[in-house]
Amino acid sequence: MNGKQVSLSADTLDLLKEKILKSAIKGKLVPQLDKEPEMEQIGDAPEEAPFEIPPKWKWVKLSVIASSNIGLTYKPTDLIDDLGGTPVLRANNIQNGKLNLEGLKRVKGANQLPKNFVHPGDLLMCARNGSKRLVGKCCLIPELKERMMFGAFMAVIRSDFSSYLHIFFSSDAFKEYLGSVNTTTINQITQKNLLNTWVPLPPLEEQKRIVEKVKCLFSKIDVIQKSKDEEVSRLSKSLKKQLLQSSISGKLVPQLDEELEVEQIGDAPEEVPFEIPEKWKWVRLESLGTLFSGKTPKADELTSSGNIPYFKISDMNSSENQKYMRHTEHYLKTTPKKIFKAGSIIFPKNGGAVFTNKRRFLVRDSIVDLNTGGFYPNKNYLDESYAFLLLSSIDFREISKGTALPTIDSSKLKSYLVPLPPLGEQRRIVEKFEKLMLEIQKLK
């Protein structure tokens, strides 16, 4: 399987979904039943119908079957990290037609007007965005564990026909309408344009059958897509592993004559893991920087804001902390004696997380919990980003002890042999690695 085949397969599945939606809103997805009554004409009919629909269907303006409101306006300074704030739904909370609560933002002192809150069954739509393709994307609001508001660039549509309307708003027909009413200066759909949308409305029972049929067909496509995604994920991991190995063995970029040979730091090992270029050297990790272990502060030493972030091992799981540790809900009240410098590379050192191959940069001077280890590279020897590649290439399973609670053996980590290229080559390796990783990520 190659990248092109994966991409085409994904495109084919998306095209299939579009065709299903097109059939659904044109009355071609499920049969019309003689026993079902004709849909009542609500409001005026259009002088010219956008496209042909079954005889029992009717064209209606959205305004006569739904209401709509735009959301809450708030300032960046109103955003808070603790759970005391009110969640505000934004465009990035709509993913693949469903509500996604990852990266949920909360605000303090929000206007608690009833119109600013969403309710189960509402349609949440992106009404304005810097990216034109995101305008109009929507999802149905499910049952929520807490009350949530929605932002000013969003619209909430409330109707007795929300499930069917979700299908219509996801269709190419609505996207074409959006293209005809979007202004040239800003990507948005105004409340007036939204409520003036002509909707092809089936009888209520047929709406229900359409919704169920779309759910059934989409679920089958999603199973195929998940299988493809898993296949791509396995391929991506394999390619990344090969790329890392090429990076640390001198096979990713050419060696240059003008670059000086690396000086041997410490004693040269008698046996080496694999062959490296002549100008490279095998060095113990502890000779190239400072290794450290975290310490968990007491609860009364923490606050919800401050200058010194405190990261727990679980913070590595946050979608906002994929490579760089930026987001936490905990800070130190006072500057501690033991602090870890910005540019340190941290990793799990205890428990099952040891084997997840997670590595993260600290972007600020911080402290980390006792389940976290770290390495601060000596910049005389190591480029910061190359150091990250080195740490990422180490399989901690090989240097861990214990089964119930695996723990990195600190003595083995200190003495771990790593290949050291000239600094200039390190930077060229990183540049090439990152370019190739971008290509690998396109497979997804």
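Colleague: Which residue in E9 is the bridge partner of Met 125?

Modeller: Let's start in this predicted model with two paired strands. E8 covers residues 123-126, and E9 covers 138-140. They pair in the antiparallel sense over three bridges. In E9, the partner of Met 125 is Cys 138.

Colleague: Which strands stand at the edges of the open sheet?

Modeller: Try reading along the sheet: its four strands come in the order E2-E11-E8-E9, with antiparallel pairing. From one strand to the next, the twist averages 20 degrees. Two of the strands have a single partner strand each, so one side of each is left without a neighbour in the sheet. Those edge strands are E2 and E9.

Colleague: Which helix packs on the sheet?

Modeller: Look for a helix touching E8, E9 and E11, where E11 is strand 154-159. The direction of this helix makes about 160 degrees with that of E9. The helix spans residues 162-169, and its name is H2.

Colleague: Is H6 roughly parallel or roughly perpendicular to H8?

Modeller: Helix H6 (residues 384-393) and helix H8 (residues 423-441) have axes 8 Å apart, and they pack at an angle of about 70 degrees. Angles of 65 to 115 degrees count as roughly perpendicular. That makes H6, relative to H8, roughly perpendicular.

Colleague: How many charged residues does the contact of H6 with H8 have?

Modeller: On the H6 side we find Ser 385, Tyr 386 and Leu 389, which meet Gln 426, Ile 429, Val 430 and Phe 433 in H8. Sorted by class, five are nonpolar and two are polar. The number of charged residues is therefore none: the contact has no charged residues.

Key. Residues are numbered from 1 along each chain as its sequence is written. This is a predicted model: local features need pLDDT of at least 70, side-chain atom pairs count only at pLDDT 80 or more; totals for chains, interfaces and linings use all residues. Side-chain values use heavy atoms; hydrogens and water are left out. Axes are lines fitted to C-alpha atoms, for helices over the stretch in contact, and angles run from 0 to 180 degrees between N-to-C directions. Angles under 35 degrees count as roughly parallel, over 145 as roughly antiparallel, 65 to 115 as roughly perpendicular and the rest as oblique. Contact means heavy atoms within 4.5 Å. Two strands pair if DSSP finds at least two bridges between them.
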